[in-house]
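Student: I have a model on screen and want the reasoning behind its labels. Can we go through the ligand site step by step?

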Amino acid sequence: FQLSLENRTFVVMGVANKRSIAWGISQSLAKAGARLIFTYAGERLEKNVRQLAESLDRDDHLVLPCDITSDEEIATTFKQIKEEVGTIHGIAHCIAFANKEELEGEYLNTTREGFLLAQNISAYSLTAVAKEARPLMSEGGSIITLTYLGGEKVIKNYNVMGVAKATLDASVKYLANDLGKDGIRVNAISAGPIRTLAAKGIGGFNDVLKTIEEKAPLRKTTTQEEVGDTALFLASDLARGITGEILHVDGGYNIISL
Ligand code: NAD
């Protein structure tokens, strides 16, 4: 058993720009020899994603649109993937969204619409994707999603997204149980805060980074590369005994109480 992903194909969903955690994961998977398929939401991002994909050291990637709010679009994307590559060996689901105005102040003010939007894009989408991916993962494989401590404990301003992450964490466990018999593992990486486009929307993000530097056991903030390399481990055969797990890659911050 080894870390190599030679002759394996992974779908990376959620690269927006070079700061995206999905891009850190892409680089780690590509270094290990994986063929990558990128999906993006909205035409605006296509050029970015294509340029980044082309910067990788191989030219067999695919770049496809996939707005995760549409069952039809997810089905079309996976149909295209099936036609182009046949079998896939895993997915990195790196997608979340909530209304900016609901990522500050009191959680109590969350609207029904905002609640459902966050749940739909940030949590349900994993289940929708896993369902379409299953027939393509005939050799088994690894589904990875990204979560955050705000789904386990109250973190100021994280609000509706924290509740969506709690749903996502529970979905990981239920999906792991459903898909285990097919040799498909489902895990989440709970990343420490990283400055990305999505993180910009969260109130007081700079203060959070400062707290991590002071209090996390490793006394530093998490990097895109650290999350990428953990995703590589989870994607590889070295993690063959791990499923339904929420793995913290956060410099140990989650163990600290005061
Ligand atoms: P990012 O902004 O680079 O990535 C978020 C992605 O979600 C974007 O590519 C965006 O296009 C995509 N997305 C939004 N709505 C979509 C839709 N309808 N269909 C398809 N894609 C859609 O930010 P990121 O921080 O890299 O976020 C990736 C994941 O990591 C998210 O799940 C986020 O919650 C999680 N995460 C981030 C941090 C952090 O501090 N940055 C920490 C823990 C977990």
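Tutor: Start with a cut-off: a residue is near a molecule if one of its heavy atoms lies within 4 Å of it. This is a predicted model. There are 28 residues around the ligand, and Ser20, Ile21, Lys165, Ile194 and Thr196 come nearest.

Student: What makes the pair between Asp67 and the ligand a polar contact?

Tutor: The limit is 3.5 Å between N or O atoms. A ligand nitrogen lies 3.0 Å from a side-chain N or O atom of Asp67, so the pair qualifies. Thr196 passes too: a polar atom of its side chain is 2.5 Å from a ligand oxygen. Ala198 uses a backbone N or O atom, 3.0 Å from an oxygen of the ligand. The protein covers 90% of the 810 Å² of accessible area that the ligand has on its own.

Student: Where does the ligand sit?

Tutor: In the largest pocket. To sit there, more than half of its atoms must lie within 2 Å of the pocket's grid points.

Student: Which element gives the largest share of the shell?

Tutor: Helix 6, with three residues. Helix 6 (197–200) and strand 5 (141–147) each supply at least two. By class, the shell has 20 nonpolar, six polar and two charged residues.

Student: Why is Asn159 called buried?

Tutor: Buried means under 20% relative accessible area. Asn159 has 13%, so the label holds. Asn159 belongs to helix 5 (residues 159–179). A polar atom of the Asn159 side chain lies 3.2 Å from the backbone oxygen of Gly105.

Technical notes:
Residues numbered from 1 in each chain as written. Predicted model: local features only at pLDDT ≥ 70, side-chain atom pairs only at ≥ 80, totals over all residues. Heavy atoms only, no water. Polar contact = N/O pair within 3.5 Å; in protein donor to acceptor, adjacent residues only side chain to side chain. Areas by Shrake-Rupley, 256 points an atom, 1.4 Å probe, with all protein chains shown as cover. 1 Å grid on protein atoms, 1.4 Å probe; cavity = no way out; pocket = protein on both sides within 12 Å on 5 of 7 lines; lining within 4 Å. Helix = DSSP H or I, 4+ residues; strand = E, 2+ residues; numbered from the N terminus. Nonpolar A, V, L, I, M, F, W, Y, C, P; charged D, E, K, R; others polar. Buried < 20%, exposed > 50% of the residue type's maximum accessible area, 1.4 Å probe, protein only.
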